Amino acid sequence: MPVPVPQTIDVNGYPMAYVETPAPADAVGAPLVLVHGSLCDYRYFKPNMAPLGQRRRVISVSLRHYFPEAWNGHDGEFSGEQHAEDLAAFITALDVGPVHVLGHSRGGYVALRTALLAPDTVRSLILADPGVEISGGPIQIPLDSERGNFREKALNAIEAGDIDGGLAIFIDTVSGPDTWRRMVPWFKQMVRDNARTLIGQVAEPRTPLPIDALGALHAPVLLMGGAESPAPYPDVLNALAYAMPEARRMVIQDASHGMNLANPIAFHLAVDAFLGND
């Protein structure tokens with residue numbers, strides 16, 4: 001399936017790349033902006049854009065320092081805060097009013113930070129296995145409590161020249177054993193293209209989000225998880241459900257962390273049902 005021709009919008013002095021499916025003639029509701037997670041970029045949602053775009057304009061972005069930039073891993077800032085500021089500025093530059101935002105994994109963290117930073121830009125949030133820690137609540141879920149510094153181990157292997165070995169450590173940790181070996185070629189190439197973003201990710205401060213602020217969000221929220229997603233994602237979703245008791249829940253069967261790729265039909269149905277005609 002071909003990827004639409006990429007475009008850029010200058011946000012905060014950075015050319016933010018994106019692809020989109022234009023709104024159909026009988027479009028309903030606001031646009032949907034898709035935000036990728038670690039080691040990915042706007043190509044991650046390639047199989048999802050056309051199905052989700054049957055009813056509305058769909059836009060998939062690449063965050064700062066991800067492909068198509070060939071980042072060296074050192075020059076410039078890399079942080080969830082910067083990515084949220086960029087995403088808020090990007091949505092504002094679209095000039096279409098508040099949009100629906102779907103964030104996967106680390107992209108869910110960026111999406112939540114964006115909603116807290118600039119609530120007027122976000123119409124609703126869909127958080128697919130978000131990589132989020134919460135402060136101030138009774139449920140504390142450290143993202144790496146059982147994952148043994150996997151980011152650092154992956155980066156060490158990459159910097160030693162074993163790129164695929166390092167990427168396998170990362171992908172298999174977040175999605176389950178042997179996932180990397182079984183992934184399709186386009187996914188592997190995308191992840192290789194973004195391997196050096198792990199330098200920034202290992203060094204970035206991962207700031208927990210305050211439970212009181214999450215509870216004060218007015219945007220509707222859908223919490224999505226893969227039925228086979230490994231720890232800590234199910235516990236993260238439980239913690240977010242506690243922090244945002246009005247959020248809806250959806251489990252994608254026969255899927256792990258990459259639920260939009262493993263079971264795209266169920267993923268699309270869940271997204272469309274949540275968004276409706278809004």
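**Exercise 1. Which residues point one way from S5, which point the other way, and are they buried or exposed?**

*Solution.* The model is a predicted one, and the residues of strand S5 (99–104) can be taken side by side. Step one is to sort the strand by direction: Val99, Val101 and Gly103 point one way from S5, whereas His100, Leu102 and His104 point the other way. Step two is to check the cover on both sets, and all of these residues are buried, in keeping with the count of 6 buried residues out of 6 for S5.

**Exercise 2. Find the strands that are joined to S5 by bridges, and follow the chain from S5 to S6.**

*Solution.* Begin with S3, which is joined to S5 by 4 bridges, the two strands running parallel; here Leu32 stands opposite His100 of S5. Continue with strand S6 (residues 122–128), which also runs parallel to S5 and is joined to it by 6 bridges, with Ile126 in S6 as the bridge partner of Leu102. Between S5 and S6 the chain passes through H3, and the resulting β-α-β crossover is right-handed.

**Exercise 3. Compare the span of helix H2 with its expected value, then describe what covers its buried residues.**

*Solution.* Helix H2 (residues 80–94) has 15 residues, and from its first C-alpha to its last it reaches 21 Å, close to the 21 Å expected at 1.5 Å a residue. The buried residues of H2 include His83, Leu87, Phe90, Ile91 and Leu94. In reading such a list it helps to recall that an α-helix has 3.6 residues a turn, so residues three or four places apart point the same way. The cover over the buried residues of H2 includes strands S1 (7–11), S2 (14–21), S3 (32–35), S4 (58–61) and S5 (99–104), together with helix H3 (106–117). Just after H2, Asp95 takes a positive phi of about 60°.

**Exercise 4. Carry out a like analysis for helix H5, including the residues at its two ends.**

*Solution.* The 13 residues of helix H5 (residues 163–175) should span 18 Å at 1.5 Å a residue, and the end C-alpha atoms are 18 Å apart, which agrees. At the start of H5, a side-chain oxygen of Asp162 comes to within 3.0 Å of the backbone nitrogen of Gly165, while just after the helix Gly176 takes a positive phi of about 115°. Among the buried residues of H5 are Leu167, Phe170, Ile171 and Val174, and their cover includes helices H4 (150–159), H6 (179–182), H7 (185–193), H8 (197–203) and H10 (233–243).

**Exercise 5. How many salt bridges does the structure hold, and which parts of the chain do the pairs of Arg57, Arg123 and Arg192 join?**

*Solution.* The structure holds 9 salt bridges. In one of them, the closest N and O atoms of Arg57 and Glu20 are 2.6 Å apart; because Arg57 lies in the loop between helix H1 (46–52) and S4, and Glu20 in strand S2, this pair ties together parts that are 37 residues apart in sequence. Glu20 is buried, with a relative accessible area of 16%.

Arg123 forms a salt bridge with Asp278, the closest N and O atoms being 2.8 Å apart, and this pair links strand S6 to the segment after helix H12 (264–275), 155 residues apart. Arg123 is partly exposed at 33% relative accessible area, and Asp278 is partly exposed at 32%.

Finally, Arg192 and Asp164 meet in a salt bridge of 2.9 Å, N to O; Arg192 lies in helix H7 and Asp164 in helix H5, so parts 28 residues apart in sequence are tied together.

Conventions
Residues numbered from 1 in each chain as written. Predicted model: local features only at pLDDT ≥ 70, side-chain atom pairs only at ≥ 80, totals over all residues. Heavy atoms only, no water. Expected span 1.5 Å × (residues − 1). Buried < 20%, exposed > 50% of the residue type's maximum accessible area, 1.4 Å probe, protein only. Contact = heavy atoms within 4.5 Å. Pairing = 2+ DSSP bridges. Right-handed = clockwise from strand over helix to strand, strands pointing away. Polar contact = N/O pair within 3.5 Å; in protein donor to acceptor, adjacent residues only side chain to side chain. Salt bridge = Lys/Arg side-chain N within 4 Å of Asp/Glu carboxyl O.
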